[in-house]
Amino acid sequence: MSEEAMPPQAATAQAPVIEDVPPERTHNFNDLLHAAGALLLAIGMSFFAVYLRGITNGVEYDARSAGRAVNWLTDMPASMLQQLASLIIVIGVLVHLLVNREWLQSAVSVVALFLGYAVILTLSTVVVRLGVPALLMAIRSPGEGAGAAMLPDFYAGLGAFLTVAGPRRSRTSVKWGWNVLFVAAAVFVVISWHSVSGVIVSFAVGRVIGLVIRFAIGTRNQGLWGEQIVQAARGIGLKIAELRRHDASKGDSGVLRMALEDDLTENSRIYDATDADGRSYIVSVLDGQSHAAGYLNQLWQGLRFTGVSMRHDRSASDANHHHYAMLLGLRACGLPTPSPYGVFDSEESSVLVFNATDVPEPFGTATLDEEGMVAFMRYLQRANDRGYTHRRITADTLTRIGGKCAIVGWQNGDYASSATNAAIDKVQLLVLLGALAGTDKALAAARRAWGDEALVTLTPFVQKVAIPSATRTLPSWNKQLLGQVRDGLNALVDDEEGESSEPVQIARFNFKSFFSITLAIIAAAVIFTQLRPNEVIGAVSHAKIGWALACLACSLIAWGGSAISLGAFMDRDRRHPFSLYCSQAASGFTAVSMPAGVGPAFVNLQFLRKSGYRNTTATAIMSVTWAVQGLVTVVLLLLMALFTGRNMLSDMVPTNTLIIVIGAVVLALCVCMAITPLRRLVIDKYLPILRSYAHQLVEVMSQPSKLAGGIVGSMILALSTGLGFWTALMAFGRPSNLIETVFVFLLANTLGSAMPTPGGLGAVEAALTFAFTSTGVPPAIALSATLLYRVGFYWLRIPIGAVAMKWLDHHHLL
């Protein structure tokens, strides 16, 4: 019977039932990412053109030399060429849009065109008003003159227009419009109408405008929806009779939306499907636009880890095909997983179909016992033994399939994995179970499932960077959990072997490496920009060698005093003289990038933490050390002022500075306490921390023997520093009163160090030179003595401090 002859009821019965409403437009986060890239390009090109002007000039010269073959174009008005290109692009694209009844797209594209013109004109005006000659010369376009329109608006306007009308892969008119625009840009550079830097900046501005607008209004969706899914599914032998989409908000888990039905595929659309024979399926649709967030996450993980292979699925098709292969391989190992039926691709979507017979169910971590933990660990062990690794084990991945414990969410996993990936998998599961059920229970289950020998090998991988953020945000997570797990693993071996088990570097960068790199960059910048070799060499070469060495010796003694001051407040069993001295020497390296006092405080705090002190206790010890050193300096100044009879203390300190600072602090505190939400935040969150800290501070200061040791060390530090400058004066044959010299030095050095420059650089030199010149020391000798002092107490401390910091880092003390 022909289809025309079939009864209406039969034809209706055969039509699939579809509950799915495709959106007309979708917001593509790639647009925002590309807009950020274009903005960086514009900024980077501006700096490049200013500071590397020779290169841009060379590029322009080469382009114009190569373009002599088109010299005939110079006989034509450039403005006519520009208008002709504009008409071709705008009319061609608008006709295409209007023919396809893209009314909104047409209107917004025109708005983007005008906005591009307006923004580039405003930017040109701002640049002209700033009046920076180097910037004006770098981006000025010869054909635009030197007025407010110095940047070409041609590329910004048409770039924004084409971006909103696009993307280029979906419309041939947009593609050809870009081609015409690029050719026009090359021609205008060749005929010296526009500069290279001006063209690139204008292009980038137009792209930023267009991409932001395109994200705001959305782009036409070209994925598979409804009837298209039904038709495409026939390619894998699936005749869908009913297709119903799940609630879009279901299974929302953090930034990446996931649900158990499709094995936690990130940002997928999930449908319930039934075929003509009544069999049920789960249809998971992964759109290319939605997959972008997952791909960026993969890239971030790849950048974050070193020595650990990570997946990079550039397209939705790559991700789904790999996921399908992973599930088939795990099922071949005899492990329960969601049951894959098939996979197919079309347009910008990839579809993974599951049989609805093995849908994972949440495990319910509240009922987690030792048997359940052992089952999960043995599941992971079996997968790892066959080379399969998961890469991101969290509480959401612990499920039951057919009543059996199973780990799901294998889309980011891989096969043929290294031992490092397998170890990280085990650490993730062990720490997760420790957070859910307790460290002792998790370790007991791990000993049953993996054995002591395998557990010992995991110790170097117990690091925060290896643990997914979803685990670290669990309510039961605490900062001591990793330490407890590591201690439990170390307890399985003798103390000597446990001590030698150093962490494996799996993080490409972390706070410590970032801090070290930053210090090195700042140190290099300071050395090359602030060190004046001729002046320093001249000063040192005229100094008496014996007194110059005495100045350096005072610098080394000062570190000893600082070490005594800090060590006095530490427990005897944690007080190691050489490591203490190295910690103070390391502060000499931080001084090159931090204001005076900040670097030593930071190093001391980190050293105390690594020595086994908790944060509050370490902060209290560091604060007491700093307070005692400051108090000793003030007392010495007051006592010396009595003996010298000088009035410099009142003359050099601005009268109202202290009052202004105190008043500002009190005012800020009053404002915080007057605003109810801020007051509650202070009382509920910060006041308990402050009370704990104050209790630790009082406890530390209430021990006379420790306080006496801190005072002695602080006096050695202050006096040796002052003696260092006195020896510097003696090195240039300038005898002076010892007490008076130390007093003037401590006062001037304290004031100079208060300036927020690295190590008080510049401010200390100025303060010392001015202070001693005002006491009668000839300016040349005062300056030479200051430079010699800074060599011993600043510049030579940088390499010594770097070596000390390396030693501390090697021994895990920093």
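This passage describes a six-stranded sheet, a buried serine within it, a hairpin and a helix in a predicted model.

Residues are numbered from 1 along each chain as its sequence is written, and side-chain values rest on heavy atoms, with hydrogens and water left out. Because the model is predicted, local features need pLDDT of at least 70 and side-chain atom pairs count only at pLDDT 80 or more, while totals for chains, interfaces and linings use all residues.

Helices (H or I, at least four residues) and strands (E, at least two) are DSSP runs, numbered from the N terminus, and two strands are said to pair if DSSP finds at least two bridges between them. Six strands form an open sheet in the order E1-E4-E5-E6-E8-E7, with mixed pairing. Its edge strands are E1 (17-19) and E7 (340-346), each of which pairs on one side only. Neighbouring strands of the sheet are turned by 20° against each other on average, direction ignored; here axes are lines fitted to C-alpha atoms, for helices over the stretch in contact, and angles run from 0 to 180 degrees between N-to-C directions. Strand E7 runs antiparallel to strand E8 (residues 349-355), to which six bridges join it, and Asp345 has Ser350 in E8 as its bridge partner. Helix H12 (residues 316-332) packs on the sheet, touching E6 (280-287), E7 and E8, and its direction makes about 165° with that of E7.

Ser284 lies in strand E6 and counts as buried at 0% relative accessibility, where buried means under 20% relative accessible area, exposed over 50% and partly exposed in between (1.4 Å probe, protein chains only). The side chain of Ser284 makes a polar contact with that of Asp262 (2.7 Å), a polar contact being a pair of N or O atoms within 3.5 Å, of which, within protein, one must be able to donate a hydrogen and the other to accept it, and residues adjacent in sequence count only if both atoms are side-chain atoms. Not counting residues up to four places away in sequence, Ser284 touches several residues, including Asn320, Ser350 and Phe354, with contact defined as heavy atoms within 4.5 Å.

Strands E10 (residues 398-401) and E11 (residues 404-407) run antiparallel and are joined by four bridges. They form a hairpin with two residues between them, and Gly402 in the turn has a positive phi of about 60°.

In helix H15 (residues 439-449), the buried residues are Thr439, Ala442, Leu443, Ala445, Ala446 and Ala449. These residues cover an arc of only 165° around the axis, which puts them on the same side of H15; the arc is that of the directions from the helix axis to the C-beta atoms. On the other side of H15, Asp440 and Lys441 are exposed.
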